[in-house]
Amino acid sequence: MFSRSALARAFALPLEQATRQSLTTTTFRACLHQASTPSNTSSEEPLSATPRAQFSTPTEQPTHPTPTANPPVTRADVPIAKQPLPPTFMTPLKVSKSLLDTLPLLSTQKPHYISAHLHDRPYLLTEGDHLRLPFLMPKVKPGDVLRFNRASILGSRDFTLKGAPYVDERLFECRVRVMGVDSEPLRVKEKTKRRRRHVQKITSKHRYTLLRVMEVKIKTVEELEKEGEVVVE
Amino acid sequence: MPLRGIRTVTTARNGVGAFILPCKRLDFHYCDWAGSSRGMLAFLKHALPKFATENPQIEIRVSPRPHKHPIITGHYINGREKSICVRNLEPEQIFVKANLLKEASGEKLKRTKKPVTSINESVRGIWSPYHGGLKSV
């Protein structure tokens, strides 16, 4: 489950712009992905503060009028657990009082780990990890930034935030970068039939998408307040 | 007092902050005389300028290799290189091969069982029988 859209790319911008100064001094080869988006140079704030505030307001999501508990059925042959979750941004994030009290303990204790789910498969990730997906992700190019928005567990050394079954995606930020496409060595499967002196050799060579975890961040209470969360008892 | 491993200096990892494409150079070799280079020559004439402008971060070299089959060689930031022989291929097929070299990581092909490789130390720490929750026998 990932959200790659124009928005998601735009969110990744401040990070890349922060690194632009170092890039220009060392090499010119890494300039491709910044070159296409020169307009958003005004965002000087850190990455966490800028992007997500607009998501929690209901007016920003006019295209999803009825968020339901059931996931939208996009393909019949995909099991229901692997269907994408609908966006839940129609209402502001609801946080219980106890979570608000204990969240600073978790969010201030670094480093964090996340059990991010992609196609209903969990990946235990920390910042800087290398992730080789067991499939070839379509329509991504090297350098793209994806945001994982489905997590079952967020944690640090002493504290864990468990979702039931998933943590709300507005509580954390997990971004990964597409590094390229890798391949496996050629597989040769020997097939035989009875009473036939012939061995059929079936070959296959799968390709996999390589990702690098850029950041795993759990939002602080102040950031949640900025985005307008609602405290419920 | 929990157990802690020895702290290590942080290492630079491509893609965490800045991203550099692993493929840094592509060499295109052709032969003017041989028929197996016909598709390669068409690719060099018509498709390569567009490919090069779309990928300004890759250095592209074109050089003849007389009396040999045409090949594409990719050079990667980890020091390795990959070569693909493109004899008798059509320009579209050569474009696919060039894309393959462009997106490759440069590593030797391996079968891996685990999707995640990490050099970070364990977040939760190493379990110790002598700390926390001691039980008397």
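The exercises below work through a predicted two-chain model, each with a task and a stepwise solution.

Residues are numbered from 1 along each chain as its sequence is written, and chains are lettered from A and ligands numbered from 1 in the order in which they are written. Because the model is predicted, local features need pLDDT of at least 70 and side-chain atom pairs count only at pLDDT 80 or more, whereas totals for chains, interfaces and linings use all residues.

**Exercise 1. The contact between the chains**

Task: Determine how many residues each chain gives to the contact, and which elements of chain A supply the side that touches chain B.

Solution: Start from the definition, by which two residues are in contact if their C-beta atoms, placed from the backbone, lie within 7 Å. On this basis the contact takes 37 residues from chain A and 27 residues from chain B. Next, assign the chain A side to elements, where helices (H or I, at least four residues) and strands (E, at least two) are DSSP runs numbered from the N terminus. At least two residues each are supplied by α3 (20-26), α4 (32-35), β3 (121-126), β4 (130-132), β8 (172-183) and β11 (207-218) of chain A. The largest share, six residues, comes from β8(A). Finally, sort this side by residue type, counting Ala, Val, Leu, Ile, Met, Phe, Trp, Tyr, Cys and Pro as nonpolar, Asp, Glu, Lys and Arg as charged, and the others, Gly among them, as polar. The division is 18 nonpolar, 11 polar and eight charged residues.

**Exercise 2. Strand pairing across the chains**

Task: Find the strand of chain B that is joined to β4(A), and state how the two run.

Solution: Two strands pair if DSSP finds at least two bridges between them. Two bridges join β4(A) to strand β5 (residues 116-117) of chain B, and these strands run antiparallel. Within this pairing, His130(A) stands opposite Thr117(B) in β5(B).

**Exercise 3. Helix α1 of chain B**

Task: Compare the span of α1(B) with the expected value, then locate its bend and its buried residues.

Solution: The expected span of a helix is 1.5 Å times one less than its number of residues. Helix α1 (residues 38-54) of chain B has 17 residues, and its reach of 24 Å from first to last C-alpha is close to the 24 Å expected. The bend at a residue is the angle between axes fitted to the seven residues ending there and the seven starting there. By that construction α1(B) bends by about 55° at Ala47(B), and Pro49(B) follows within four residues. For burial, a residue is buried if 20 or more other C-beta atoms lie within 10 Å of its own, exposed if 12 or fewer, and partly exposed in between, with C-beta atoms placed from the backbone. Gly39(B), Met40(B), Phe43(B) and Leu48(B) of α1(B) are buried, and the buried residues of this helix pack against β1 (23-30) and α2 (91-103) of chain B.

**Exercise 4. Backbone details in chain A**

Task: Identify the elements or loops that hold Pro111(A), Pro165(A) and Asp120(A), and describe the backbone at each.

Solution: Pro111(A) lies in the loop between α5 (97-108) and β2 (113-118) of chain A, and the peptide bond from Lys110(A) to Pro111(A) is cis, with omega near 0°. Pro165(A), by contrast, lies in strand β7 (residues 160-167) of chain A, where a cis peptide bond with omega of about -5° joins Ala164(A) to Pro165(A). Asp120(A) is in the loop between β2 and β3 of chain A and has a positive phi of about 65° although it is not a glycine. Asp120(A) counts as partly exposed because 13 other C-beta atoms lie within 10 Å.

**Exercise 5. The β9–β10 hairpin of chain A**

Task: Is β10(A) largely in the open or buried, and how is this strand paired?

Solution: Of the six residues of strand β10 (residues 199-204) of chain A, the number buried is zero, so this strand lies largely in the open. Six bridges join β10(A) to strand β9 (residues 187-192) of chain A, and the two run antiparallel. Glu190(A) stands opposite Lys201(A) in β10(A). The hairpin has six residues between the strands, and Arg195(A) takes a positive phi near 55° there.
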